[in-house]
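Hi,

Here's the structure I said I'd pass along. Have a look, and my notes follow below.

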Amino acid sequence: MGSKWRKSRLSLSCLHVPSTVEDDSPPSAGRFSDSDSLSPAATSKDFPMPSTPTPSSSGLRLPIYGTKSSSKRMCAICLTTMKPGDGHAIFTAECSHSFHFHCITSNVKHGNQICPICRAKWKEIPFQNPPPDLSHVGARLNTVSLAQNDDWTTVLRRLPPRAHSSRRTTSLFHSLEPVVYDDDEPVDHQLEITAKASLNKDVPDDRSIGAIEVKTCPEISAVSRSTSHNNFTILIHLKALTSIRRNCGVNEANVPPVSQISRASIDLVAVLDVSGSMAGTKLALLKRAMGFVIQHLGPSDRLSVIAFSSTARRLFPLHRMTDAGRQEALQAVNGLISNGGTNIADGLKKGAKVMTDRKWKNPVGSIILLSDGQDTHTVNCTGGSRPQSDYQSLLPFSVHWNGSTGLHIPVHAFGFGEDHDSALMHSISESSGGTFSFIEAESFIQDAFAQCIGGLLSVVVQELQVRVECVHPTLKLGSIKAGSYKTSVAPDGRLGFIDVGDLYAEEERDFLVTVDIPVDGTSNEMSLLKVKCVYKDPITKESVTFEEANELMIQRPEITGDLASSVEVDRQRNRLRAAEAIAEARVAAERGDLAGAVSVLEGCLEVMSETISSQAGDRLCVALGAELREMQERMANRRVYESTGRAYVLSGLSSHSWQRATARGDSTDSTSLVQSYQTPSMVDMVNRSQTMFLGSPLPQPPSARRLRQAKSFPARPQPR
């Protein structure tokens, strides 16, 4: 019991519910506010630090507060001293525990009826102002300690009998939600206009370079004119450029004004599991992670939060993250409590409804979903045996990637701990065009969120479609290997399309295309392909077409001699080979053949070890090898596979199929090799998370290792 109590107190010590915007009373001396930490100028000298910091595994330090007698004089929600006459009312509950009145009313406002200290259910709950539609509920005054000059009043609402309190309370809170979620706060059009003006001012008139860099590379540079070459492989490499637009967070003192407004704003909906299994440290760390997200959203970004257990409820509509908006969001998140079952479908339904009903739209939209359990309301099977159709029923059709609404709202799913349904979460993310991350340890929730947010706050290309056209009249496309991206080939085989969607700043994509090279004695060279990209600029909303300047050509001499194969093409073959082996091993593991699954991965490792890129020590190949060996260990027996192996494998499949970074166990840590798709914006945001102390960054030691991404294509130009 002692260790559990210590753990809970450590978790609670990092949380604080700031006073409401309307509260004009000055903060008491030594009081730390979350809103202060959101200010760029906030430093450690602005507020007293705890005297005994304790490091956590995530790089954050949590303060420890001392004796029982001191805890009686301290509000357990905001962790500051309670004294009559200091300008804050004090509420004493029926269980004899006391809190600042504005702190406990914030909890009650968001549905809490349980004492944060002893977990006792209250029959009477405090309200700051009685809502008009609750006037039929009996009210009476309770004895509280009021400061002499405080204008707060305490109104207590008598709850229904305990046996029905959960159901009745849920309906009361749901009755406050509108039928249509069109109450979103308007977007800041002035910032949008200023952003467009800054781009027009700072981007050169010659826009031929676009926001996309395209390179093509053949597997060999020449084919004898007297021979044919079937399944000749060509690499198409894309990279999103940053120009002046790279900037993850807007709450930085040293960021020039243009950079603050020249990235695409986001509408973000967080769908959070607050079921009973999230109680204690899990919920505390989730609140802290959401605090980090709120802190790094800018005033033009909008956030809404959906909390779900047995049912789901919207805590607040899409609000801009201004100072007031962040304060409200922090209060809502810090007021969450855990109880009930796990109704993922209801949470996703309301999250999608926020997106589809909104009156205004920011350029980027996304949903993040976190759960630590199995859905207990929509589908009832366990493990990986559920039909795929059952998983699909959890995701509203409106946010399916190919849904009829035309929306592209990816759901980035985070499976937390060993008990979540990883197959379900992976299916949801795949169907929406999002990623699935596996958070194995509690302490990595914030880092996983940080990596995801680092990408979402750096979108520079939207609705990207790649068009591949054969140039030589005898050529036809054989195959297009693009992972989970939708591909299509024209009936005549000479034109192909890849629907890529959004790209983050400096994010890369690699696709392999095959053609059959015929015998051709008419020329010393042959033109193979030309590539065109069409996309939407997220800031100007203009459609942009970019065509590679030169066609891809190969030499057709009489005799070729020994030709070196392309390391770049070989590297991507290894990536696809590893992804296919992981998918095959997963199928074997699900049918109970773990030995066969391990054998499949071992075979892939042997083949990869013989390739030129692997023998050259290519970093991507090294990372792939480390990942495959880790999967073999997680398939050692059924217990290990069920607890962590399946989730680790599925998060790897998600990462490789979309070529986008996902969290896997401790994969955001600097010692991990599984970082092949991280962008600089993601790396920067994870570093912020790992050095954050109650909202104030700690100085980074010179010896600290920085995350490094494995470049899938060298920066130097390659011969064609």
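To start with, which residue in S9 does Pro-218 stand opposite? That would be Ile-234. Bear in mind that this is a predicted model.

Pro-218 belongs to strand S8, which spans residues 212–218. S8 and S9 run antiparallel, with seven bridges joining the two. One of the residues to look at in S8 is Cys-217, whose bridge partner in S9 is Leu-235.

Leu-235 is a handy place to cross to the next strand, since its bridge partner in S20 is Leu-512. S20 covers residues 508–517, and nine bridges join S9 to S20, again antiparallel. If you want to trace that path on screen, go from Cys-217 to Leu-235 and then from Leu-235 to Leu-512.

Zooming out, these strands are part of an open sheet of four, ordered S8-S9-S20-S17, with antiparallel pairing. The edges are S8 and S17 (477–481), each of which pairs on one side only. From one strand to the next, the twist averages 20°.

What about the surroundings of S9? S9 runs over residues 229–240, and nine of its 12 residues are buried, so the rest of the structure largely encloses S9. For buried, the cut-off is under 20% relative accessible area.

Cheers

Notes:
Residues numbered from 1 in each chain as written. Predicted model: local features only at pLDDT ≥ 70, side-chain atom pairs only at ≥ 80, totals over all residues. Heavy atoms only, no water. Buried < 20%, exposed > 50% of the residue type's maximum accessible area, 1.4 Å probe, protein only. Pairing = 2+ DSSP bridges. Axes fitted to C-alpha atoms, helices over the stretch in contact; angles between N-to-C directions.
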